[in-house]
Amino acid sequence: MALQLDKQYYIAAHGGYGPYLNVYGNETVGNTTNVCLYAKQNVNAQKWIVRRYNDNPYVKVFTALSGGSTFALNINSLTNPNCTMYNSAGSANDKDSLVDFLTVNAAQNLYRIKLTGYTPDGKLDTRYDLYLFAEGSSNLSNVKWAPLNTAAQGFLWQLEEVTAGGGTGGGTPDQPGQGVLGSLTTVSNMPNATNAGYVNGNEYFHPDAMMQNNTWAANGGATIEAQITAFYKAVYGVDPTSPN
């Protein structure tokens with residue numbers, strides 16, 4: 001389903017496999033409040049509304065926080081391109097907060113979010129050719145604006161429409177295959193270690209299950225590796241690729 005204006009969305013990082021775009025703090029917002037990532041919760045700090053502003057061709061991404069209806073995603077400055085919140089009342093801050101959603105896959109609600117540098121005279125300031133980027137994939141990872149790298153998952157965002165009940169979260173455990181990775185990923189044909197002749201208790205990936213010769217190079221394995229890594233970071237707070 002394609003993006004619709006004036007609806008509330010959760011915005012998941014890393015194409016739906018990471019934590020969610022979040023206003024840092026205790027459900028409050030003000031000028032320069034930081035934006036980060038956090039595991040999905042049914043809170044207004046993670047609900048966003050995309051709407052047109054000041055009758056121009058681009059949009060702003062507003063928070064659903066109480067009293068924050070004019071606060072939108074913003075670039076702190078070109079020399080410090082951190083993503084913060086800022087009051088968008090009036091047009092003075094348009095250049096720092098007007099964005100465009102560039103469709104990657106409309107059916108899956110996958111987008112890149114780009115600053116436009118739109119000015120009141122209708123021109124585009126090319127210095128603002130920057131995209132919303134998640135610097136990490138764990139809780140409290142920072143979010144900033146950066147030049148696009150199409151190979152980096154941190155530039156890919158998935159929109160999830162907020163349902164009447166607010167969606168999952170608010171202390172409700174995620175069901176298998178939901179929440180952390182966004183959708184169930186099945187890795188098939190993984191033999192039991194003992195049955196495969198191994199007795200040291202380690203888990204081994206079958207060659208047809210994305211891992212071959214201790215690498216993830218074949219059969220789309222890099223995607224599966226990224227999903228498993230994101231899962232371990234989100235659930236256990238550890239990096240499974242770390243030697244520790």
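Q: What makes a pair of cysteines a disulfide here?
A: Their sulfur atoms must lie within 2.5 Å. A disulfide is a covalent bond between the sulfur atoms of two cysteines.

Q: How many disulfides does that rule give in this model?
A: Zero. The model is a predicted one.

Q: Why is C36 called buried?
A: Its relative accessible area is 2%. Buried means under 20%. The value falls under that cut-off, so C36 is buried.

Q: What makes C83 count as buried?
A: Its relative accessibility is 0%. The cut-off is under 20%, so C83 counts as buried.

Q: Why is Y58 called buried?
A: Y58 has 18% relative accessibility. That is under the 20% limit, so the label is buried. Y58 lies in the loop between β4 (48-52) and β5 (59-63).

Q: Which residues is Y58 in contact with, leaving aside its neighbours within four places in sequence?
A: R52, Y53, L98, V99, D100, T116, Y118 and L124. Contact requires heavy atoms within 4.5 Å. For one of these partners, T116, the C-alpha to C-alpha distance from Y58 is 7.9 Å. The two are 58 residues apart in sequence.

Q: Why does T63 count as buried or exposed?
A: T63 has a relative accessible area of 2%. Buried means under 20%, so T63 is buried. T63 sits in strand β5. Beyond four places in sequence, its contacts include V23, V29, W48, F71 and M85.

Q: What makes the approach of T63 to L65 a polar contact?
A: The T63 side chain reaches the backbone nitrogen of L65 at 3.1 Å. The limit is 3.5 Å for a pair of N or O atoms, so this distance qualifies.

Q: Why is D6 called exposed?
A: D6 has 54% relative accessibility. Exposed means over 50%, so D6 meets the definition. D6 is in the segment before β1 (8-12). Its phi is near 65 degrees, a positive value in a residue other than glycine.

Q: Why is T32 called partly exposed?
A: Its relative accessible area is 47%. That lies between the 20% and 50% cut-offs, so T32 is partly exposed. T32 is in the loop between β2 (20-23) and β3 (35-38). Phi is positive here too, at about 70 degrees, although T32 is not a glycine.

Q: How do you know that residues 168-210 need caution?
A: Their pLDDT stays under 50. The model has 61 contacts beyond four places in sequence for this stretch. Where pLDDT is low, the predicted coordinates should not be read in detail. For the protein, the mean pLDDT is 79, and 66% of residues reach 70 or more.

How values were computed: Residues numbered from 1 in each chain as written. Predicted model: local features only at pLDDT ≥ 70, side-chain atom pairs only at ≥ 80, totals over all residues. Heavy atoms only, no water. Helix = DSSP H or I, 4+ residues; strand = E, 2+ residues; numbered from the N terminus. Buried < 20%, exposed > 50% of the residue type's maximum accessible area, 1.4 Å probe, protein only. pLDDT = per-residue confidence, 0-100. Polar contact = N/O pair within 3.5 Å; in protein donor to acceptor, adjacent residues only side chain to side chain.
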